Amino acid sequence: MKMETAFSLIAAANFIFCGAAFAGAKTHEVTGTVLETTPTKIVLQKGAERWEIDLDPQTKVSGQLKVGAKVTITYAMSATKIDAGPLTKLKAAAEEAAPITSSVPPGSQKKEVPPVSPTP
């Protein structure tokens, strides 16, 4: 009975650790001075860089956000669209514009000879 309990605990721990590994994107932090804040975004200055970060209803804010305050934001990056590059667009456009051609090489097709009418 003790062995079954031990194996169950090991299996449960395995699920927990695997779930944590695939839980989401890696988080990053940025610290700067708030330039602007709205219910949907926060703009801050970090050195010479201006950062605009979207806020959603799940964003947890501790303290009061106000212009001039120094804040640290923890964020995760995720892709919304991936374009493999300009060559992909050019290739797709060329394929759309290309005329449909036969796969038979020229000159290999059998030529029809028009029937000859007898001369009187």
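**Group meeting: core, hairpin and pocket of a predicted model**

Good morning. The protein chain I am presenting contains two helices and four strands. Please bear in mind throughout that this is a predicted model. In sequence order the elements follow the pattern α-β-β-β-β-α. The chain has 120 residues, of which 10% count as buried. Among its contacts with a separation of 6 or more, 49% are between residues 24 or more positions apart.

Let me turn to the interior. Which residues make up the largest nonpolar core? There are eight of them: Val30, Val34, Ile42, Leu44, Ile53, Val71, Ile73 and Tyr75. At least two residues of this core come from each of strand 1 (27-37), strand 2 (41-46) and strand 4 (70-76). Strand 4 provides the largest share, namely three residues. As general background, nonpolar side chains in soluble globular proteins tend to be buried together.

One member of that core, Leu44, deserves a closer look. What does Leu44 touch, once its neighbours within four places in sequence are set aside? Its contacts include the core residues Val30, Val34, Val71 and Ile73. Leu44 is also in contact with Thr31, Gly32, Thr33 and Leu35, and with Glu49, Arg50 and Trp51.

The next topic is the pairing of strand 2 with strand 3. Strand 3 spans residues 49-54 and runs antiparallel to strand 2, with six bridges joining the two. Together these strands form a hairpin that has two residues between them. Gly47 sits in the turn, and its phi is positive, at about 65°. Lys46, for its part, stands opposite Glu49 in strand 3.

I come finally to the open space in the model. In general terms, rolling a probe the size of a water molecule over the atoms shows where empty space is left. Here, the largest pocket has a volume of about 560 Å³. How many residues line the largest pocket, and which lie nearest its centre? The lining comprises 18 residues, and those nearest the centre are Ile53, Leu55, Thr59, Ile73 and Thr74. Strand 3 and strand 4 are the elements that contribute two or more residues to this lining. Strand 4 gives the most, with six residues. Sorted by class, the lining holds ten nonpolar, four polar and four charged residues.

To connect the two parts of this talk: Ile53 and Ile73 belong to the largest nonpolar core, and both are also among the lining residues nearest the centre of the largest pocket. Strand 4, likewise, supplies the largest share of the core and gives the most to the pocket lining. Thank you.

Methods
Residues are numbered from 1 along each chain as its sequence is written. This is a predicted model: local features need pLDDT of at least 70, side-chain atom pairs count only at pLDDT 80 or more; totals for chains, interfaces and linings use all residues. Side-chain values use heavy atoms; hydrogens and water are left out. A nonpolar core is a set of buried Ala, Val, Leu, Ile, Met, Phe, Trp, Tyr and Cys residues joined through side-chain atoms within 4.5 Å. Buried means under 20% relative accessible area, exposed over 50%, partly exposed in between (1.4 Å probe, protein chains only). Contact means heavy atoms within 4.5 Å. Two strands pair if DSSP finds at least two bridges between them. On a 1 Å grid over the protein atoms alone, a cavity is a set of points where a 1.4 Å probe fits but cannot get out, and a pocket is an open set with protein on both sides within 12 Å along at least five of seven lines; lining residues have an atom within 4 Å of a point. Grid points are joined across faces, edges and corners, and a volume is the space filled by probe spheres set on the points. Ala, Val, Leu, Ile, Met, Phe, Trp, Tyr, Cys and Pro count as nonpolar, Asp, Glu, Lys and Arg as charged, and the others, Gly among them, as polar.
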